[in-house]
Amino acid sequence: MTPESHSLTDRDLTSDDTPVPPPGCPAHGLGPGGVRRLYGPEAEDRRALYEKLRAEHGAVAPVLIHDDVPMWVVLGHSENLHMVRSPSQFTRDSRIWAPLRSGRIKPDHPLTPHFAWQPICSYAEGDEHLRLRGAVTGAMSTIDYRGLRRYINRTTQALVNRFCEEGRADLVGRFADHLPMAVMCEVLGMPDEYNDRIVHAARDMLKGTETAIASNQYIVDALTRLTARRRTQPEDDFTTHLVNHPARLTDDEIREHLRLVLIAAYEATANLIANVLRVILTDPRFRAQLNGGQMTVPEAVEQSLWDEPPFSSILGYFAKQDTELGGQRIRKGDGLLFGIAPGNVDPRVRPDLSAGMQGNRSHLAFGGGPHECPGQDIGRAIADTGIDALLTRLPDIQLDCAEDELRWTASIASRHLVELPVRFEPRPPQDVRQRPALRPLPVQRPGWLITTAGPQSTEPTADRPATPDTVAAWSVVPEPAAAPQRRPGLWRRVLRWWRGD
């Protein structure tokens with residue numbers, strides 16, 4: 001029998017009668033009705049907060065987001081999967097969200113960029129979702145991943161060249177933040193747009209600073225130029241395939257989906273690279289497994305996707321009808337937070353968090369259902385290849401500060417490492433334009449054919465030693481009549497003896 005639990009929309013959470021506890025009190029993070037807040041000082045350690053909510057409410061818990069707007073946070077692994085895989089019950093279209101329809105949420109709400117509806121595949125449903133999503137996945141299918149990995153490796157070497165002679169670097173600001181943007185600009189077909197300015201703009205708009213709107217406009221302008229250019233000058237890149245897809249997307253739809261792909265891939269992959277490198281530098285056992293061959297870099301990336309996913313939660317999903325989830329009664333119009341990080345550490349799925357998850361890709365890092373991340377293979381390729389190339393180039397890399405000095409910037413959606421200072425033995429730059437080869441090509445000797453061989457071609461050489469098969473061929477070539485007869489060399493005499501001549 002399901003325990004009765006009232007929806008948050010039934011409560012009057014706006015009452016001012018609830019006493020406010022003094023600072024430092026364990027109840028200080030509680031809002032109206034005794035519901036815990038997902039913002040403010042008490043919510044800085046969200047991992048601990050999620051575990052408190054799990055202990056108090058189970059797999060689905062009531063919470064308050066900014067301005068004390070009520071929501072549910074889904075903490076269970078199976079409950080999260082059920083939510084994202086049940087489009088008949090839950091949607092990403094926020095226009096049915098009860099607090100939004102009632103005017104409870106103001107236009108200047110700080111989380112508006114996270115839930116504001118847009119005409120893109122992430123928020124669409126039915127035939128419209130199939131049309132838009134089909135165009136994106138169709139363009140993704142044209143990517144040459146072998147060529148992509150070569151480009152990632154060259155870009156990694158170019159980035160390392162910028163600081164390899166210094167012996168010190170910040171791997172967040174000079175590597176993790178740059179590699180995904182450089183690669184995605186190449187994938188989209190605008191490599192000339194990659195520079196420090198676009199990296200700063202992407203990071204700035206995600207932080208929500210005072211200049212975030214201007215930073216967003218900078219990226220939108222670049223994508224607008226790209227869309228117009230590919231309409232008239234098609235090339236073999238993601239944007240051209242998106243333009244030419246049978247779904248016939250408009251310029252606005254193309255630009256918005258390019259923005260979605262660029263920013264989502266950038267933020268997720270930058271966080272992923274920083275998280276993996278941090279664990280390698282701070283956990284001796286983890287690094288020993290890598291160095292000893294018990295773990296590959298792709299396996300290390302998957303482990304990080306379990307332990308510290310690039311996006312800790314996604315806001316949000318919305319109930320299309322009255323339903324039940326995790327023992328809680330969910331009403332039509334309720335909002336739910338897709339809890340990626342808490343779902344990945346659900347005790348029912350991972351009773352021992354210290355146990356490795358090699359070979360297991362059932363984490364929630366890339367979502368699931370109709371809105372599962374279509375670019376996850378690109379993110380994996382950038383992280384796998386980039387980290388492997390970095391560690392190969394700088395195998396003696398070490399953390400250049402105490403682990404407890406590392407700092408993060410956190411939001412309801414993610415946790416971004418501010419800096420990752422490292423030190424290593426200075427090294428000279430590498431020529432990233434040189435084509436890779438196992439060994440130098442031997443000097444090609446013209447006239448090696450027996451029909452055109454001269455006197456020298458019949459003699460064994462260091463780069464063309466004689467063998468029983470070739471000696472027979474060389475020996476049938478007649479010597480020019482005018483050439484003096486020479487006594488065979490020792491090597492030829494030995495071969496003739498061996499052949500019985």
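The following exchange goes through helices, sheets, cores and one histidine of a predicted model.

Colleague: What span does helix α10 reach from its first C-alpha to its last?
Modeller: Helix α10 covers residues 212-232, which is 21 residues. At 1.5 Å a residue, 30 Å is expected. The span in the model is close to that, at 31 Å.

Colleague: Over how wide an arc around the axis do the buried residues of α10 lie?
Modeller: The buried residues of α10 include Ala-212, Ser-215, Ile-219, Leu-223, Leu-226 and Arg-230. An α-helix has 3.6 residues a turn, so residues three or four places apart point the same way. The buried residues are on the same side of α10, because they cover an arc of only 160 degrees.

Colleague: Which residues are exposed on the other side of α10?
Modeller: Val-220, Ala-222 and Thr-227 are among the buried residues of the helix, so they belong to the side that the arc of 160 degrees covers. On the other side, the exposed residues are Ile-213 and Thr-232.

Colleague: Which strands stand at the edges of the three-stranded sheet?
Modeller: This open sheet has antiparallel pairing and the order β5-β13-β10. Three bridges join β5 to β13, residues 421-423, and Arg-168 stands opposite Arg-423 there. One side of each edge strand has no neighbour in the sheet, because each has a single partner strand; the edge strands are β5 and β10.

Colleague: Is strand β6 largely enclosed or not, and how many of its seven residues are buried?
Modeller: β6 pairs with β9 in the antiparallel sense over five bridges, with Gly-339 as the bridge partner of Ser-313. Two bridges join β4 to β6, also antiparallel, and there Phe-90 has Ala-319 as its bridge partner. Strand β6 is largely enclosed by the rest of the structure, because the number of its residues that are buried is six.

Colleague: Which are the edge strands of the six-stranded sheet?
Modeller: The sheet is open and its pairing is mixed. Its order is β1-β2-β3-β9-β6-β4. Each edge strand pairs on one side only, and these strands are β1 and β4.

Colleague: Which helix gives the largest share of the largest nonpolar core?
Modeller: That core has 82 residues, and Leu-171, Phe-238 and Ile-387 have the most contacts inside it. The largest share is 16 residues, and it comes from residues 251-282, helix α12.

Colleague: How many residues are in the second, separate core?
Modeller: In the largest core, Ile-387 touches residues including Ile-273, Val-276, Leu-277 and Ile-280. The second core is separate and includes Ala-43, Leu-49, Tyr-50 and Ile-65. Its number of residues is 21.

Colleague: Is His-416 buried or exposed?
Modeller: His-416 has its place in strand β12, residues 415-417. Its relative accessible area is 7%. The cut-off for a buried residue is under 20%, so His-416 counts as buried.

Colleague: Which residue's side chain is joined to that of His-416 by a polar contact of 2.5 Å?
Modeller: Residues that His-416 touches include Val-172, Asp-177, Arg-203, Asn-271 and Trp-408. The polar contact of 2.5 Å joins the side chain of His-416 to that of Asn-271.

Definitions and conventions. Residues numbered from 1 in each chain as written. Predicted model: local features only at pLDDT ≥ 70, side-chain atom pairs only at ≥ 80, totals over all residues. Heavy atoms only, no water. Helix = DSSP H or I, 4+ residues; strand = E, 2+ residues; numbered from the N terminus. Expected span 1.5 Å × (residues − 1). Buried < 20%, exposed > 50% of the residue type's maximum accessible area, 1.4 Å probe, protein only. Arc of directions from axis to C-beta. Pairing = 2+ DSSP bridges. Core = buried A, V, L, I, M, F, W, Y, C linked by side-chain atoms within 4.5 Å. Contact = heavy atoms within 4.5 Å. Polar contact = N/O pair within 3.5 Å; in protein donor to acceptor, adjacent residues only side chain to side chain.
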